[in-house]
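I sat down with a new structure and my notebook. Here is what I looked up, in the order I got to it.

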Amino acid sequence: MSDAATGVRSLADRIAARMLDASVLERVVIALVATALALLIGAVIVAASGYDAVEFVSSLVYGAVGNVSNLAFMLRQSSMLILTGVAVAVAFRAGVFNIGVQGQFVVGGFAATLGILFAAPLLPNSPVSAIPLLALATLLALAAGGAYGALPGVMKAYAGANEVITTIMLNFIASGVVYFLLDAYLRPEGAAAPNTEQFPDYVGLPGLVFESPSFSILGLGVALLTVVVVYLVMDRTGFGYDLVTSGYQEPAAKYSGVDPKRMIVRTMTISGMIAGLAGALFAIMILGYYSDPNTFPTFGFDAIAVSLLAANNPLGVIPAGLLFGGLDAGGQYIGFTLDVPSELVDGVIGLIVLFVAAPELFRAAGQYTSLGGDRE
Amino acid sequence: MSTARALLDDRRTLLGVLGALVAVIALLLFVDLPGSDLVTVGALERALQAATPIALAAIGGLYAEKSGVFNIGLEGFMIFGALVGAAVAWLLAGGEGITQVHLWVAFVAVAVVSGVLATLFAVLLIRYEANQIVAGLAVWFIGLGFGPFAATVLWGGVSSPSLPNVDAVSVPVLAEIPVLGRLFFDASPLVLLTIVVAVAAWVVLFRTRYGYWVQAAGENPEALDTAGIDVNRVRYATVIFSGVMAGLGGAVLSIGIGSGFTGTGVTMVDGRGWIAIVAYLFGNYNPLGTYGASLLFGAMDMLQIQLQTIGISLPGSITGLFPYVAVLVVLVGVGYTRVPSAVGESYDTEE
């Protein structure tokens, strides 16, 4: 009897100690060490597979920031990862594991595409039409992504269905259904590939700083603006407070009058809306048409790594997104130039996630080497 | 919802449901009723094959979760298993002329490699108290990355060349039994072995001392500790077991019933590890119920062929989604079955 009570007490003590320990500095150190360790393992695997490890690392860096066009590509990937990363962070922060950002992203991009393709013929063929078209596409993407996020939210809140599994299933379903619709109804006559027709020329974001056909600094602007809005909502509003409290102190949130079920649905809706916005940006800025979602980059999955590396802090998503954008760009460059399969970088990202999931590993290592100072 | 749960909780009801299911299938097979065209011996054969990898991974995951550790990395372990199986068989034979012996040795190699990887994973989860959901996802990502990477290093592309698989074994006399003979005794031995494993898993879990330890580690770790059993040792054993089983499930896909490793997209495992998790939830942590649920998902996987034979032609992109939709229906309908109370909590002794 008293044993059980002390057990609970010591558990609470440990949780409290963990919270206090997890300072911002410590998280930054853990993130950096996890990344360095994962890259080191990646380099060892590269060497073991018979490639040149030094060239691997230097090409990785060159591919990310070596010249202006590489930099533009990296920032393009980073914009997508920051946006999808914030989508994940909102949900994880509230204690909801939304693994379905990829599916919400696919559905959002598809809704934006439908809006552009069906509304464009109704508007005059001039650049002025771009503004209502982009506005429509964005609204549709937010609505579709939000609804596709709300669905597993409702399943979790009202039927107890584990959101990790439902969102993964919904990812498969989104790609399958969108592919089917593209293939059956939106593929132009006689086209071999399951692509929609191109958007009108004037629909797109102007390149401005970089002369890249698939990256506009405005895209990065959209991502950063979203981060700031999410940060302000989470940090400065009552809703944000309730959301964060639900994440790590559900009883407290409940006590202060938060309905946990509605909170889950709302969180998933917001997360899905941001993912949908990312889908619109992908369709408009990067593709300029829509294609088989099974061939899309897995921004929605890499976003999980981005968010975890940032300790699910919206502001932290910016540096984490830049880092992963760099890894992604570098990895693709390596695939082209060194013949080192670019999947390697996906594996390295997985290792980073694994290490970030186990902060105790680094605390133990820190204590062992007494780098972490004397604790306990 | 609660009535569905109560029904599943009652083992006698479960057996009754299974018995009724078998009776309905038999009726459809032998009597010409509406729907009979969907149930043929060939369809059952395909469903049993498709259920095999899911059931193996699910039984492993069931043990881990029963002992208090949610191994969400099953999908990743399956990818490693599928790759290692194909790679070892191919390397042993020097690329050409892979024999049955090579394939069986490859299965052993898969068990060993999966066991080593699962041990590392278990250390992170149990000793270093890693977040079980995040670490499990990481295993999937690592598999998705290093699986196709290793395939490219070996074969120059993300998929292996076409490889042979395990031959069907025909048991004399037993193979003559109508229907059952063809399904179990003139079929891939892996199908029958998996059923044996499911029964053995049931016996061990519910009828042996070790099974009670596993259950206690998940329900009441303090009591188990008091009884002098090391909770974390039990958990290490189950997590390693779950990794080995998932790895073997993956190997069944690539060299057991399939024809080599496919690394495109989300690889040939294609969500089966996730489906396995739902299979043991649906089976209410009962290895036999879990096998039944795996069979249901396997049948869903094979429904496309059956629909075609009766003249309903849906595109593959839609019929391929049936298992995923079935998972959603199951999760929403049955809800999360009663999870062992200590799942996800690390256990520290009080000394």
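My entries start with the overall fold and end with one helix.

**Entry 1: the whole of chain A.** Note to self: this is a predicted model. I began by looking up the secondary structure of chain A, and got 15 helices and 0 strands. Next I put a box around the C-alpha atoms along the principal axes, and they fill roughly 75 × 55 × 35 Å. Is chain A as compact as a globular protein of its length, or less so? Its radius of gyration is 22 Å, and the globule rule gives 21 Å for 376 residues, so chain A is as compact as a globular protein of that length.

**Entry 2: burial and contacts.** I then looked up burial, and buried residues make up 52% of the 376 residues in chain A. I also checked the contacts in chain A with a separation of 6 or more, and 78% of them join residues 24 or more positions apart.

**Entry 3: two domains.** Chain A splits into domain 1 (1-51 + 343-376) and domain 2 (68-339). I noted that domain 1 of chain A is written as two stretches of sequence. The C-alpha centres of the two domains lie 29 Å apart. Where they touch, domain 1 of chain A puts in 10 residues and domain 2 of chain A puts in 12 residues. On the domain 1 side, helix H2 (24-48) and helix H14 (343-356) of chain A supply at least two residues each. Which helix gives the most to that side? I found H14(A), with 6 residues. I sorted that side by class too, and got 8 nonpolar, 1 polar and 1 charged residues.

**Entry 4: the core.** The largest nonpolar core has 238 residues, and I wanted to know which ones touch the most other members. They are A:Ala278, A:Ile352 and A:Val353. Helix H11 (residues 260-287) of chain A provides the largest share of this core, 17 residues. Both domains of chain A join in, with at least three residues from each. My textbook reminder here is that nonpolar side chains tend to be buried together in soluble globular proteins.

I picked A:Ile352 for a closer look. Beyond its neighbours within four places in sequence, A:Ile352 is in contact with A:Ala34, A:Thr35, A:Ala38, A:Ala305 and A:Leu309.

**Entry 5: a helix in chain B.** Last, I checked helix H5 (residues 100-127) of chain B, which has 28 residues. From first C-alpha to last it reaches 40 Å, close to the 40 Å expected at 1.5 Å a residue. Just after H5(B), I found B:Glu129 with a positive phi of about 50°.

Note on methods: Residues are numbered from 1 along each chain as its sequence is written. Chains are lettered from A and ligands numbered from 1 in the order in which they are written. This is a predicted model: local features need pLDDT of at least 70, side-chain atom pairs count only at pLDDT 80 or more; totals for chains, interfaces and linings use all residues. A nonpolar core is a set of buried Ala, Val, Leu, Ile, Met, Phe, Trp, Tyr and Cys residues joined through C-beta atoms within 7 Å. A residue is buried if 20 or more other C-beta atoms lie within 10 Å of its own, exposed if 12 or fewer, and partly exposed in between; C-beta atoms are placed from the backbone. Helices (H or I, at least four residues) and strands (E, at least two) are DSSP runs, numbered from the N terminus. Domain bounds come from an automatic or database domain assignment. Two residues are in contact if their C-beta atoms, placed from the backbone, lie within 7 Å. The expected span of a helix is 1.5 Å times one less than its number of residues. Ala, Val, Leu, Ile, Met, Phe, Trp, Tyr, Cys and Pro count as nonpolar, Asp, Glu, Lys and Arg as charged, and the others, Gly among them, as polar. The radius of gyration is taken over C-alpha atoms; the globule rule is 2.2 Å times the number of residues to the power 0.38.
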